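Let's take a walk through this model together, with the aromatic side chains as our guide. Have the structure open and follow along.

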Amino acid sequence: MNKTIRAAAAAILIAIASWAASAQTVLYPIPEPQKEPKLVTDYPVFVNRMIGEKNYEKALQYADQGLALNPKNLNLMFKRGLILERMGRLDEAREAYSKMIRLYPEIPEPYNNLAILVADSGRGDIDHAIELLQRAITANPRFSTAHENLGDLYALKALQNYRKAVPLKGATREQLKRVGEKITMLQIVTGNDPAPEPAAGSKSQASAQPQGSAASRAQGAGAPASQAASGSVSASSFESRSTESSLFKPLPEIKP
């Protein structure tokens, strides 16, 4: 009799547990992946997702839609500039960062990314880029990326001046050797090609030497100063250090 009661009780408990599990499944279903943003707060999430998938057209669409709903969303404003960079629409990216700086001069990230576009891998306006990075550091003295980029730009500027010194008349053999050693050192520091493209109208062996990978640049860093006479500066590691920190650490939210 007792065995029968215990068996019945066990059956009841199992039935209750099964019912609870099925009830939980009904009451708390696992949601399907959301396919489109529904709320204003959804747009940064979807923009991040599209950037991660390198679907920049869709990312730009979501950024524009989100900004239409909340024009003061700093996260979306910054990401829009970053997306335009990735799409190669650099003039629009410059304008996006410039607009953000005009509206919110206290935010450091757009100064940094605009500086990279302005410097144009060392071929652009380095002085203006330096000014922008200094403003980024003023806004946030602990912004390590801006400090590193500023150091690279000073090195690029020094490299430009050393290269201009090589072809000048009156330079002694000792001076040429000294300048050549400094050029070699800065080529290694900045990741520049040992033989940059010559200035327009000039003739140099440099024009016959293609740009190579980082490894080939290091191997050829000992090129003689006569091959580094151009005042231009070729592509450097500086161009790769735009900041995406706001993709993972949101910028301050400004309510509409």
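Two rings of Phe, Tyr or Trp (its six-membered ring) count as a pair if their centres lie within 6.5 Å; planes under 30 degrees apart are called stacked, over 60 edge-to-face, and the rest tilted. Keep in mind that what you are looking at is a predicted model. By that definition, the structure holds 2 aromatic pairs.

Start with Phe46 and Tyr62, whose ring centres are 5.6 Å apart. Their planes meet at 70 degrees, which means the pair is edge-to-face, as the angle is over 60. Why does this pair tie together parts that are 16 residues apart in sequence? Phe46 belongs to helix H2 (residues 42-52) and Tyr62 to helix H3 (residues 56-69), so the contact bridges those two helices. Both Phe46 and Tyr62 are buried. Phe46 has another partner to look for: the charged end of Arg49 sits over the Phe46 ring, 4.6 Å from its centre.

Now move along to the other pair, Phe78 and Tyr97. Here the centres lie 5.9 Å apart and the planes are at 45 degrees, a tilted arrangement. Phe78 sits in helix H4 (residues 74-86) and Tyr97 in helix H5 (residues 90-103), so this pair, too, is one that links distant parts of the chain, 19 residues apart. Phe78 and Tyr97 are both buried.

To finish, turn to a record: an unreviewed UniProt entry lists residues 74-107 as "repeat: TPR". In the model, this span is 79% helix and 0% strand, and its end C-alpha atoms lie 9 Å apart.

Terms used: Residues numbered from 1 in each chain as written. Predicted model: local features only at pLDDT ≥ 70, side-chain atom pairs only at ≥ 80, totals over all residues. Heavy atoms only, no water. Helix = DSSP H or I, 4+ residues; strand = E, 2+ residues; numbered from the N terminus. Buried < 20%, exposed > 50% of the residue type's maximum accessible area, 1.4 Å probe, protein only. Lys NZ or Arg CZ within 6 Å of the ring centre and 35° of its normal. UniProt positions renumbered as here; feature names shortened; annotations may be inferred.
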